[in-house]
Amino acid sequence: MNAFEHTDAFLRHYYEFLKTQPTRPAQYKQYLKQARELLTEKFHEGLDIRTLLHAHSHVIDNLLKGLWKQILPKEAEHNATLVAVGGYGRRELHPQSDIDLLVLLDAPPNELFSDSIGRFITMLWDIGLEVGHSVRTLQECDSAARQDLTIITNLIESRYITGSHDLFETLAQAIDPKLMWSSQE
């Protein structure tokens, strides 16, 4: 079997696996374990590393989308966005890497929504993910990105996962490097 056929066979099996969407914490933990076992097996078989990194990112995307929809109130669809940043944002998620996330809000959250975000992050840790996260409004992202080159760099490498796509697009426009930092800076 050549490398393309090997990759193609893996992806067919992998996408069949992704159709099984967990609904309870124990299922998410098992889902993550099975996905990582499959990816490890394919690594040892010599599957292209870029394919594996993208596949691992996709597994985590799928898991996060399911948990987000289960835990966060319905209003999160319109006023919050879950964003991958850093290496995870680039779809270069190595097996032991932490999952860098931004919970982007259109306004400061009320107590109920804040509690829901806390439950979401706690659940990620409970199922075995190491998470680096920030919770910021669009205005806070803009301000932080103007003050810190590492923040703008992380945001430039961001990728939409779920929630309000309009809010994510507004962030992308606001952090355009041409608007934030000059080439000399």
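Modeller: A residue is called buried when its relative accessible area is under 20%, exposed when it is over 50%, and partly exposed in between. The model discussed here is predicted.

Colleague: Is Phe168 buried or exposed?
Modeller: The relative accessible area of Phe168 is 10%. Since the cut-off is under 20%, Phe168 is buried.

Colleague: Phe168 forms an aromatic pair with Tyr160; what kind of pair is it?
Modeller: The ring centres of Tyr160 and Phe168 are 5.9 Å apart, with 55° between the planes. Planes under 30 degrees apart would count as stacked and over 60 as edge-to-face. At 55° the pair of Tyr160 and Phe168 is therefore neither, and the class that remains is tilted.

Colleague: And which exposure class does Tyr160 belong to?
Modeller: Tyr160 has a relative accessibility of 26%. That value falls between the limits of 20% and 50%, so Tyr160 counts as partly exposed.

Colleague: How many aromatic pairs does a search of the whole structure find?
Modeller: One of them is the tilted pair of Tyr160 and Phe168. Another joins Trp68 and Phe120. The search of the whole structure gives a count of 2.

Colleague: What is the geometry of the pair formed by Trp68 and Phe120?
Modeller: The ring centres of Trp68 and Phe120 are 5.4 Å apart. Their planes stand at 90°, so the pair is edge-to-face.

Colleague: How many residues apart are Trp68 and Phe120?
Modeller: Trp68 is buried at 4% relative accessibility, and Phe120 is buried at 0%. Trp68 sits in helix 3 and Phe120 in helix 6 (residues 111–126), so the pair links distant parts of the chain. Their separation in sequence is 52 residues.

Colleague: Moving to the sheet, in what order do its strands lie?
Modeller: The sheet is open, has 4 strands and shows mixed pairing. Strand 3 (131–137) and strand 4 each have a single partner strand, so they stand at the edges. Neighbouring strands are turned by 25° against each other on average, direction ignored. The order is 3-2-1-4.

Colleague: How many bridges join strand 1 to strand 4?
Modeller: Strand 1 (residues 80–84) and strand 4 run antiparallel. Among the bridge partners in strand 4 are Thr162 for Leu82 and Tyr160 for Val83. The number of bridges between strand 1 and strand 4 is 4.

Colleague: Strand 1 also pairs with strand 2; over how many bridges?
Modeller: Strand 1 and strand 2 pair in the antiparallel sense. In strand 2, Leu104 is the bridge partner of Thr81. The bridges between strand 1 and strand 2 number 5.

Colleague: How many residues of strand 1 are buried?
Modeller: Ala80, Leu82 and Ala84 point one way from strand 1, while Thr81 and Val83 point the other way. Residues on both sides are buried. For strand 1 the count is 5 of 5.

Colleague: What about strand 4: where does Ile161 stand on the scale from buried to exposed?
Modeller: Ile161 lies in strand 4 (residues 159–163), where 4 of the 5 residues are buried. Ile161 touches several residues distant in sequence, including Asp61, Leu64, Leu82 and Leu101. With a relative accessible area of 4%, Ile161 is buried.

Colleague: How far apart in space are Ile161 and Thr81?
Modeller: In sequence, Ile161 and Thr81 are 80 residues apart. From C-alpha to C-alpha, the distance between Ile161 and Thr81 is 7.5 Å.

Colleague: Which helix packs on the sheet?
Modeller: The helix in question touches strand 1, strand 2 (99–105) and strand 4. Its direction makes about 25° with that of strand 4. It spans residues 49–71 and is helix 3.

Colleague: Within what arc do the buried residues of helix 2 fall?
Modeller: The buried residues of helix 2 include Tyr28, Leu32, Ala35 and Leu39. Seen down the axis, the buried residues line one face of the helix, while Ala26 and His44 are exposed on the face turned away from the buried side. The arc that holds the buried residues is 130°.

Colleague: What share of the residues of the protein chain is buried?
Modeller: The secondary structure comes to 10 helices and 4 strands. Residues 24 or more positions apart account for 75% of the contacts with a separation of 6 or more. Of the 185 residues, the share that counts as buried is 43%.

Technical notes
Residues are numbered from 1 along each chain as its sequence is written. This is a predicted model: local features need pLDDT of at least 70, side-chain atom pairs count only at pLDDT 80 or more; totals for chains, interfaces and linings use all residues. Side-chain values use heavy atoms; hydrogens and water are left out. Helices (H or I, at least four residues) and strands (E, at least two) are DSSP runs, numbered from the N terminus. Buried means under 20% relative accessible area, exposed over 50%, partly exposed in between (1.4 Å probe, protein chains only). Contact means heavy atoms within 4.5 Å. Two strands pair if DSSP finds at least two bridges between them. Axes are lines fitted to C-alpha atoms, for helices over the stretch in contact, and angles run from 0 to 180 degrees between N-to-C directions. The arc is that of the directions from the helix axis to the C-beta atoms. Rings of Phe, Tyr and Trp (its six-membered ring) pair if their centres lie within 6.5 Å; planes under 30 degrees apart count as stacked, over 60 as edge-to-face and the rest as tilted. Lists of a residue's contacts leave out its neighbours within four places in sequence.
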